[in-house]
Every structure is written in structure tokens, then in C-alpha cells.
Amino acid sequence: MTEPHVLIVEDSALVTDALRILFEGSGFRVTVASSVADARALPPDDVADLMLLDVTLEDGDGLELLMEMRAANAEPDTTIALTGYDDPITRQRAIDAGCADVLVKPVPVRELLRIARNYTA
């Protein structure tokens, strides 16, 4: 069995570095995109099992990126929105865009790993 593939779309290098170490150390294959542009440049045939998607990126809206990926048949099996905004409007936008869940940062490491394992099992 191949390792589950996690795509992390997040513009904070501190966050992506920590998440890469966490997930790779737990048996996941990790791809990181630090912007909408980086995510658009990823190979369309290497679709992730799980995408952790920052809603607000420096160069665009993460939820719009998800819709673009869907239109290009490059949408990950599951997307979880990561956001610093704990409000019902942001949550509803993410769910409407197709996210399976919305997590407010910072997310406890154990919880994030448990969620990732559940969605990639």
C-alpha cells in the first residue's frame, strides 16, 4: 500500500515546515504549496488524498483554488479548510466550496493527525 498523500496549501513557512515534519514522520507523503500560484503549478495527475487548505493566502482565496482544482479534475479526495477566522460565514463558505471540515488554527497536532488518518484510511 502506498503512503497517503497530503497536500498542504499554506503561506506560512513555519506552519508548512512543522506540518511536513509531522506528516512525513507519521508515514504520509507530503507536498507543499505556499501560494495559489504554487498550487496551480502542481502536476495535475498527482492528486492528493487529503488537502489542508489555508482559506486566506497572500495571492488569492484558497476556496476559489479548490473550485479551480475541481473544474480541472485535480481536486483532492478530501479537503479540510484551515483558517484563523472562527466565524459562521467563513465556515459556511468553506463547506459550500466542498470542504469536508473547517479547522480553526492553531489545530492541536494530535487532532490534526487523527483527522488526517480518518480521511485517508
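Trainee: Which backbone nitrogen does the side chain of Asp54 reach?
Mentor: The model is a predicted one. Asp54 has its place in strand S3. At 3.3 Å, its side chain reaches the backbone nitrogen of Thr56.

Trainee: Is Asp54 buried or exposed?
Mentor: A residue counts as buried when its relative accessible area is under 20%. The relative accessibility of Asp54 is 4%. Asp54 is therefore buried.

Trainee: What is the length of the polar contact that joins the side chains of Asp54 and Lys105?
Mentor: Leaving aside neighbours within four places in sequence, Asp54 is in contact with several residues, including Val9, Glu10 and Lys105. With Lys105, the side chains are joined by a polar contact of 3.4 Å.
The pair also belongs to a wider group, as Glu10, Asp54 and Lys105 are linked in a network of salt bridges. The polar contact asked about is 3.4 Å.

Trainee: How many residues apart are Glu10 and Lys105?
Mentor: These two form a salt bridge, with the closest N and O atoms 3.1 Å apart. Glu10 sits in the loop between strand S1 (5-9) and H1, while Lys105 sits in the loop between S7 and H5. The pair thus links distant parts of the chain, and the separation is 95 residues.

Trainee: Which partner in that pair counts as buried, and which as partly exposed?
Mentor: Buried means under 20% relative accessible area, and partly exposed lies between that and 50%. Lys105 has a relative accessible area of 27%, so it is partly exposed. Glu10 has 2% relative accessibility, so the buried partner is Glu10.

Trainee: Which residue is joined to Lys105 by a cis peptide bond?
Mentor: The bond in question has an omega of about 0 degrees. The residue joined to Lys105 is found in the loop between S7 and H5. That residue is Pro106.

Trainee: How many residues apart in sequence are the parts tied together by Arg29 and Asp46?
Mentor: Arg29 and Asp46 form a salt bridge, the closest N and O atoms being 2.9 Å apart. Arg29 lies in strand S2 (residues 29-33) and Asp46 in the loop between helix H2 (36-40) and S3, so the pair ties together parts whose separation in sequence is 17 residues.

Trainee: What is the relative accessibility of Arg29?
Mentor: Its partner Asp46 has a relative accessible area of 31%, so Asp46 is partly exposed. Arg29 also counts as partly exposed, and its relative accessibility is 33%.

Trainee: Which helix is linked to strand S7 by the pair of Asp101 and Arg91?
Mentor: Asp101 and Arg91 form a salt bridge whose closest N and O atoms are 3.8 Å apart. Arg91 is partly exposed, at 39% relative accessibility. Asp101 lies in strand S7, and Arg91 lies in helix H4.

Trainee: How far apart are the end C-alpha atoms of helix H5?
Mentor: H5 has 12 residues, 109-120. At 1.5 Å a residue, the expected span is 16 Å. The model agrees with this, because the end C-alpha atoms are apart by 16 Å.

Trainee: Within what arc do the buried residues of H5 fall?
Mentor: The buried residues of H5 are Leu112, Leu113, Ile115, Ala116 and Thr120. Seen down the axis, they line one face of the helix, because they fall within an arc of 165 degrees.

Trainee: Which residues are exposed on the other side of H5?
Mentor: The buried residues of H5 pack against helix H1 (13-24) and strands S3 (50-54), S6 (78-83) and S7 (101-104). On the other side, the exposed residues are Arg110 and Asn118.

Trainee: What is the centre to centre distance in the aromatic pair?
Mentor: The structure holds 1 aromatic pair. Phe23 and Phe28 form it, edge-to-face with 90 degrees between the planes, and the centre to centre distance is 5.1 Å.

Trainee: What is the relative accessibility of Phe23?
Mentor: Phe28 counts as buried, at 4% relative accessibility. Phe23 also counts as buried, because its relative accessibility is 0%.

Trainee: Is Asn73 buried or exposed?
Mentor: Asn73 is placed in the loop between helix H3 (62-71) and S6. Although Asn73 is not a glycine, it has a positive phi of about 55 degrees. Its relative accessible area is 69%, so Asn73 is exposed.

Definitions and conventions. Residues numbered from 1 in each chain as written. Predicted model: local features only at pLDDT ≥ 70, side-chain atom pairs only at ≥ 80, totals over all residues. Heavy atoms only, no water. Phe/Tyr/Trp six-rings, centres within 6.5 Å; stacked < 30°, edge-to-face > 60°. Buried < 20%, exposed > 50% of the residue type's maximum accessible area, 1.4 Å probe, protein only. Helix = DSSP H or I, 4+ residues; strand = E, 2+ residues; numbered from the N terminus. Expected span 1.5 Å × (residues − 1). Arc of directions from axis to C-beta. Contact = heavy atoms within 4.5 Å. Salt bridge = Lys/Arg side-chain N within 4 Å of Asp/Glu carboxyl O. Polar contact = N/O pair within 3.5 Å; in protein donor to acceptor, adjacent residues only side chain to side chain.
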